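Trainee: Got a minute to go through this one with me? I'd like to start with the cysteines.

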Amino acid sequence: MVSPDWKPEKRLRNPDVLRKFRLEHLGEPCFRCEQRMGVHVHHTTFRSQGGSDTEDNLEMLCIICHDAAHGVRSF
């Protein structure tokens with residue numbers, strides 16, 4: 001049984017990786033719908049679920065697809 005005080009391992013943010021990824025993919029379309037406006041970095045495995053700031057866990061999504069990925073809205 002897991003202790004009620006258990007917390008997931010703290011994940012350190014790595015702003016340098018995020019900045020580098022954003023600059024390398026600047027101007028690219030959304031990974032899901034190919035829209036070009038409002039595109040920003042998204043963690044494919046959410047940080048709250050143990051996802052890290054590594055390039056293989058990042059993708060560029062528009063705001064609509066980003067919201068959908070987080071369950072805020074659906075298509």
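Mentor: Then fix the cut-off before looking: a disulfide is a pair of cysteine sulfur atoms within 2.5 Å. Keep in mind too that this is a predicted model.

Trainee: OK, so how far is the sulfur of cysteine 33 from the closest cysteine sulfur?

Mentor: The distance is 3.7 Å, and the partner is cysteine 62. That is too far for a bond, because the sulfurs would have to be within 2.5 Å.

Trainee: And which cysteine sulfur is closest to cysteine 30?

Mentor: Cysteine 65, with its sulfur 3.7 Å away, which is again too far for a bond.

Trainee: How many disulfides does the whole structure have, then?

Mentor: Zero, from a search of the whole structure.

Trainee: Are cysteine 30 and cysteine 33 buried or exposed?

Mentor: Cysteine 30 is buried, at 2% relative accessible area. Cysteine 33 is partly exposed, at 39%.

Trainee: Let me back up. What is the overall pattern along the sequence?

Mentor: α-β-β-α. There are two helices and two strands. Of the 75 residues, 27% are buried.

Trainee: How much accessible surface is there?

Mentor: About 5,800 Å², and carbon and sulfur atoms account for 55% of that.

Trainee: What about contacts across the sequence? What share is long-range?

Mentor: Take the contacts between residues at least 6 apart in sequence: 52% of them join residues at least 24 apart.

Trainee: Now the strands. In which sense do E1 and E2 pair?

Mentor: Antiparallel, over four bridges. As an example, histidine 42 has glutamate 59 in E2 as its bridge partner.

Trainee: Which way do the side chains of E2 point?

Mentor: E2 covers residues 58–61; Leu58 and Met60 point one way, Glu59 and Leu61 the other. In a regular strand the side chains alternate between the two faces of the sheet.

Trainee: Are those four in E2 buried or exposed?

Mentor: All are buried, on both sides of the strand. Glutamate 59 is among them, with a relative accessible area of 9%.

Trainee: A buried glutamate. Which residue forms a salt bridge with glutamate 59?

Mentor: Arginine 32, with the closest N and O atoms 3.5 Å apart. Arginine 32 sits in the loop between H1 and E1 while glutamate 59 is in strand E2, so the pair ties together parts that are 27 residues apart in sequence. Unlike its buried partner, arginine 32 is partly exposed, at 47%.

Trainee: How many salt bridges are there by this rule?

Mentor: Four. Two to look at in helix H1 are arginine 19 with aspartate 16, and glutamate 24 with lysine 20. The N to O distance is 3.0 Å for arginine 19 and aspartate 16, and 3.0 Å for glutamate 24 and lysine 20.

Trainee: How is the spacing along the helix for those two pairs?

Mentor: Arginine 19 and aspartate 16 are three residues apart, about one helical turn. Glutamate 24 and lysine 20 are four residues apart, also about one helical turn.

Trainee: And how accessible are the residues in those pairs?

Mentor: Aspartate 16 is exposed at 52%, and arginine 19 is partly exposed at 42%. Glutamate 24 and lysine 20 are both partly exposed, at 41% and 45%.

Trainee: Different topic: what is the phi of glutamate 34?

Mentor: Positive, about 70 degrees, although glutamate 34 is not a glycine. The residue is in the loop between helix H1 (15–24) and strand E1 (40–43). Its relative accessible area is 60%, so glutamate 34 counts as exposed.

Trainee: Moving to helix H2, what does histidine 66 touch?

Mentor: Leaving out residues up to four places away in sequence, histidine 66 touches His40, Val41, His42 and Leu61. Histidine 66 lies in H2, residues 63–69, and is buried at 16% relative accessibility.

Trainee: Last one. Where does threonine 45 lie?

Mentor: In the loop between E1 and E2. Threonine 45 is partly exposed, at 36%. With residues up to four places away set aside, its contacts are Gly51 and Asn57. From threonine 45 to aspartate 56 is eleven residues in sequence and 9.9 Å in space, C-alpha to C-alpha.

Technical notes
Residues numbered from 1 in each chain as written. Predicted model: local features only at pLDDT ≥ 70, side-chain atom pairs only at ≥ 80, totals over all residues. Heavy atoms only, no water. Buried < 20%, exposed > 50% of the residue type's maximum accessible area, 1.4 Å probe, protein only. Pairing = 2+ DSSP bridges. Contact = heavy atoms within 4.5 Å. Salt bridge = Lys/Arg side-chain N within 4 Å of Asp/Glu carboxyl O. Areas by Shrake-Rupley, 256 points an atom, 1.4 Å probe, with all protein chains shown as cover.
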